[in-house]
Amino acid sequence: MRTTTPSTYTGASGAGNVFLTNNAAAKTYLIAGFSTTGYAPITLSFGVYKNSTTSNGSELSVEYSTSGIAGPWNIITIPALPTGTGTAIWHYVTSTGVIPSGANAIRFTNTNATSPQFRIDDITLTGTPSTSTSEIQLQQPVGSDATCGFSYSSGTQL
């Protein structure tokens, strides 16, 4: 967790963020121990910072598991980030693929050992309960370390 380079997109918390460095391959941030059972369709939204104007974010792997941290892991499709001058900034993205009901782990991995670096903030899972028409959002609260769990409340973003 870092407080440097705070998030700046519309609605950003501007608080702590997760830093996925580029000084070693497979730097991973894992969120586990939650359940999306009974909600569908589920999408993932989050803020992402990249420090390179040439990266489109393809070095950032985002995956879910319905079997806990042991996997198997499935790709969550996110849109490509813009490239070129002025694009080494925070971006807010929403998955274009749907996460199935029952997901209980999500991981973010920087797959490149040399470039770029990424930061992750304001992670939100959004789904509709199968027994109600109200919407629910699950968001990881800002904490002092990366082991925080999810909390939720129907119709409220926490």
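Buried means under 20% relative accessible area. Keep that cut-off in mind as you look through these close-up views of a predicted model.

**View 1. Tyr9 and Tyr92 form a tilted aromatic pair.**
The model has 5 aromatic pairs, and here is one of them: the ring centres of Tyr9 and Tyr92 are 5.2 Å apart, with 40° between the planes. Tyr9 sits in the segment before strand 1 (18-20), while Tyr92 belongs to strand 6 (residues 90-94), so the pair ties together parts that are 83 residues apart in sequence. Is each ring buried or partly exposed? Tyr9 has a relative accessibility of 12%, so it counts as buried. Tyr92, at 42%, is partly exposed.

**View 2. Tyr49 and Trp90 make another tilted pair.**
Their centres lie 5.8 Å apart, and the planes are at 50° to each other. Tyr49 comes from strand 3 (residues 43-50) and Trp90 from strand 6, so this pair too links distant parts of the chain, 41 residues apart. Tyr49 is buried at 18% relative accessibility, and Trp90 is buried with a relative accessible area of 6%. Now put the two views together: ring pairs link Tyr9, Tyr49, Trp90 and Tyr92 into a cluster.

**View 3. The largest nonpolar core brings together 24 residues.**
Which residues have the most contacts inside this core? They are Leu44, Phe46, Leu60, Phe108 and Ile120. Two or more core residues come from each of these elements: strand 1, strand 2 (27-32), strand 3, strand 4 (60-65), strand 7 (105-110) and strand 8 (118-127). Strand 8 gives the largest share, with 4 residues. Take a moment to look around Ile120: leaving aside residues up to four places away in sequence, its contacts include Val18, Leu20, Phe46, Leu60, Trp90 and Phe108. Asn17, Gly47 and Val48 are also among the residues that Ile120 touches.

**View 4. Ser45 is a buried residue with a polar contact.**
You can find Ser45 in strand 3. With a relative accessible area of 8%, Ser45 is buried. What does the side chain of Ser45 make a polar contact with? The partner is the side chain of Thr94, at 2.9 Å. Not counting residues up to four places away in sequence, Ser45 touches Tyr92, Val93, Thr94, Asp122, Ile123 and Thr124. Tyr92 may look familiar, as it is the partner of Tyr9 in the first view.

**View 5. Four strands build an open sheet.**
Reading across the sheet, the strand order is 2-7-4-5, and the pairing is antiparallel. Why is one side of strand 2 and of strand 5 (74-75) left without a neighbour in the sheet? These two strands stand at the edges, each with a single partner strand, so one side of each has no neighbour there. Strand 2 and strand 7 are joined by 6 bridges. To trace the pairing residue by residue, begin at Thr28, whose bridge partner in strand 7 is Thr109.

**View 6. The side chain of Asn110 lies by two backbone oxygens.**
Asn110 is part of strand 7. Its relative accessibility is 0%, so Asn110 counts as buried. Where do its polar side-chain atoms find backbone oxygens? A polar atom of the Asn110 side chain lies 3.4 Å from the backbone oxygen of Leu20, and the backbone oxygen of Thr21 is 3.0 Å from a polar atom of that side chain. Leu20 also appeared in the third view, among the residues touched by Ile120.

Technical notes
Residues are numbered from 1 along each chain as its sequence is written. This is a predicted model: local features need pLDDT of at least 70, side-chain atom pairs count only at pLDDT 80 or more; totals for chains, interfaces and linings use all residues. Side-chain values use heavy atoms; hydrogens and water are left out. Rings of Phe, Tyr and Trp (its six-membered ring) pair if their centres lie within 6.5 Å; planes under 30 degrees apart count as stacked, over 60 as edge-to-face and the rest as tilted. Buried means under 20% relative accessible area, exposed over 50%, partly exposed in between (1.4 Å probe, protein chains only). A nonpolar core is a set of buried Ala, Val, Leu, Ile, Met, Phe, Trp, Tyr and Cys residues joined through side-chain atoms within 4.5 Å. Contact means heavy atoms within 4.5 Å. A polar contact is a pair of N or O atoms within 3.5 Å; within protein, one must be able to donate a hydrogen and the other to accept it, and residues adjacent in sequence count only if both atoms are side-chain atoms. Two strands pair if DSSP finds at least two bridges between them.
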